[in-house]
Amino acid sequence: MEREDVLEYLTEAKECLENIEAGLLNFEKTTLDGSLVERDLLDTLFRHFHTVKGSSGFFGLSGIVKIAHAAENLLDYLRNKPEVQDEETLEILLNALDILNELVVHEENSPTGGDLYSEAQIQFLEITNQKLTELKNLGMETPMDSSSQRNIKEFGLFEEENLKPSPSEEFGLFQPEPSIQSNKEFGIFQKETSTNNAEFGLFDKPNDTEQKSVIETPPNISFTKKEEKKVVQKKDIRIDTDKLDSLLDIVGEIVINEPMVTEHPDLQKLKLENFHKSALQLKKLIRSLQEITLSLRMVPISGVFSRMERLVRDTAKKTGKQVELIIAGEDTEIDKSIIEEMYDPLVHIIRNAIDHGLETPEERKEVGKSPKGKIHLTAVQSGKEVWIEVKDDGKGLQRDKILRKAISLGLIHPSDVENLKDEEVWDFLFHPGFSTANEVTDLSGRGVGLDVVRKNVTTLKGFVDVSSNQSQGTVFLIRVPLTLAIIEGLVVRKSETYFILPSIDVKETIYIKNEPINELYRNNHSIQYRENQISIVDIDLLFGKESELNHNKSIAEKYMIVTESHENQMGIVFDEILGNQSIVIKPISPLFKNINGLAGCTILGNGHAGLILDVRKLINQHMAIQNT
């Protein structure tokens, strides 16, 4: 068996295991009130485990076969005796799922033939077999289960009660007296024309219009059915992501080279009306090609959201809390590379929400809340960004407790506490090693959770915002770009160097002429913008050089780009704005890795290299220098 075939199967097995997890969680939800699980759900789970067992056996993965077979036997018995189900049975099935995931990952990383490799896995088989034997003994002790009672009511056989609608009345056969009702019901061999005859249409002489409608109906019905089949049919194909990346790189090169051809300097002085029309059409086609190529990497965020359901369930059990996860916007699409990096941040935020944010059922009752806490997980596309919101209805963040911890860590002086806004206090939560937990547990207390959240989201060029209301709950809002491969950027020039500012960070562009500026001190200037004074810098200052604005009372004929990050605004001065265009991000040379404020580079349509600015980092860096 080729290794590539095994790896391809393991990918399919993961998808099947995801379906099993969703089914088991649905199993638990439907039985919370003590009702029996639906037979269809048990059949579906049984088929999934059976598929994993059969396919794994074909590839010789004996360990997966053993675990899946044990779970399959348990489900098979539950299908016949659903009344013996209990909480322990569900836990065993969930443990079987976890072990199957372990075996699949282990086989991917270190192929060993797929057999069981730990004592815990072997013990699990013994526990499952013992549970099955226990259930069988319990089933033998029960003379008549609820399902059999339902069957008696359903079919009405062998009941002691006399049923008033007798079979003879129901069918009208073999009655001693001629029944008018039977004639009306079937309308056969009647001499008189009856309205009920029209129901069956036997031995009638229909008129022409009726006959025509009867003849024309079947073709219409069959045609509709064919149409429905065509609509439902959908075809998918599995493609290696490396091929998609190669395609995206090629399309990126086309995007770069298109303006190099259509806007070539040799063509500028020529009158080529037809050429410009064709070039415009080419630009539209390339734009469409670019959008389609990017959409190939876009996948629904539901894959990550669905995994949070199991996390919420397990964390709630560990903390002894009742939690309901409400998911919305799971169909929102985002780049696959970004989705892969979003799992860890969401895990830490949701764990914190359950462990720190939500109260115990007793505490919630005391304050007039429902015993079951709620966590809302929502995704929505806003422009070129995806906003992911995690909202709980717990007790909210405790400002005093956070400040005491911040003071103990030396993050702030006690005299500065009163002047801090809530947003600044919440920002301490993202500091490495910061935790308000009283003790270290396997869920929290080490101060690494929200630190990981900010690092991962910042790497994705995104933001994390926090808001909280006392006794009402906390909201974490994550904003990340749709894709990291191609961005919309504003191309500008300073002297002989070209820069690109991501359009998402640009608030406004202003042409200024003889505009007065205020010099607070060296390398620190401000300018009137709308109703506020904002910092104004030239790009040289941001990269460690002396500002050209020093000793100047005003700015003559320059362009100011007003940028924004976390409500902090800053104006950056440039000589020229070339326009907005799609930018293919290229990695920068290792020589420039240590320069803060660069996000990458690209090749512009005029053939020059352009540096892509990390505007948010530049603003935060400049504000930090100003504050010190």
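Trainee: Over how many bridges do strands S5 and S7 pair in this model, and in which sense, parallel or antiparallel?

Mentor: Keep in mind that the model is predicted. Strand S5 covers residues 385–392, and within this pairing Val-390 stands opposite Phe-476 of S7. The sense of the pairing between S5 and S7 is antiparallel, and the number of bridges is seven.

Trainee: Which strand that pairs with S7 in the antiparallel sense covers residues 463–469?

Mentor: The pairing in question runs over seven bridges, and in it Asn-469 stands opposite Gly-473 of S7. The two strands form a hairpin with three residues between them, where Ser-471 takes a positive phi near 70°. The strand that covers residues 463–469 is S6.

Trainee: In what order do the five strands of the open sheet that holds S7 and S6 stand?

Mentor: The pairing in this sheet is mixed: S2 and S4 (residues 372–382) pair in the parallel sense over seven bridges, whereas S5 and S7 pair in the antiparallel sense. At the edges are S2 (322–328) and S6, each of which pairs on one side only. Neighbouring strands of the sheet are turned by 15° against each other on average, direction ignored. The order is S2-S4-S5-S7-S6.

Trainee: How many of the nine residues of S7 are buried?

Mentor: In a regular strand the side chains alternate between the two faces of the sheet, so each face has to be considered in turn. On one side of S7, Gly-473, Val-475, Leu-477, Arg-479 and Pro-481 are buried, and on the other side Thr-474, Phe-476, Ile-478 and Val-480 are buried as well. For comparison with the chain, buried residues make up 38% of its 628 residues. In S7 (residues 473–481) the number of buried residues is nine.

Trainee: Which helix lies across S2, S4, S5 and S7?

Mentor: The helix covers residues 336–357 and runs at about 175° to S7. A bend of about 30° occurs in this helix at Met-342, and a proline, Pro-345, follows within four residues. The helix that lies across these strands is H14.

Trainee: What distance separates the end C-alpha atoms of H14, and what should its 22 residues span?

Mentor: The expected value rests on 1.5 Å a residue, and for the 22 residues of H14 this gives a span of 32 Å. The distance between the end C-alpha atoms agrees with that expectation, and its value is 30 Å.

Trainee: Turning to the sheet with the order S18-S8-S9-S20-S19, which strands stand at its edges?

Mentor: This is an open sheet of five strands with mixed pairing, and the twist averages 30° from one strand to the next. Each edge strand has a single partner strand, so one side of each is left without a neighbour in the sheet. The strands at the edges are S18 (576–584) and S19 (598–603).

Trainee: Which residue of S18 is the bridge partner of Ile-486?

Mentor: Ile-486 belongs to S8, a strand of residues 486–494 that pairs with S18 in the antiparallel sense over eight bridges. The bridge partner of Ile-486 in S18 is Val-584.

Trainee: At about what angle to S18 does helix H11 run?

Mentor: Helix H11 covers residues 241–262 and lies across S18 and S19, the two edge strands of the sheet. With respect to S18, the angle at which H11 runs is about 150°.

Terms used: Residues are numbered from 1 along each chain as its sequence is written. This is a predicted model: local features need pLDDT of at least 70, side-chain atom pairs count only at pLDDT 80 or more; totals for chains, interfaces and linings use all residues. Side-chain values use heavy atoms; hydrogens and water are left out. Buried means under 20% relative accessible area, exposed over 50%, partly exposed in between (1.4 Å probe, protein chains only). Two strands pair if DSSP finds at least two bridges between them. Axes are lines fitted to C-alpha atoms, for helices over the stretch in contact, and angles run from 0 to 180 degrees between N-to-C directions. Contact means heavy atoms within 4.5 Å. The expected span of a helix is 1.5 Å times one less than its number of residues. The bend at a residue is the angle between axes fitted to the seven residues ending there and the seven starting there.
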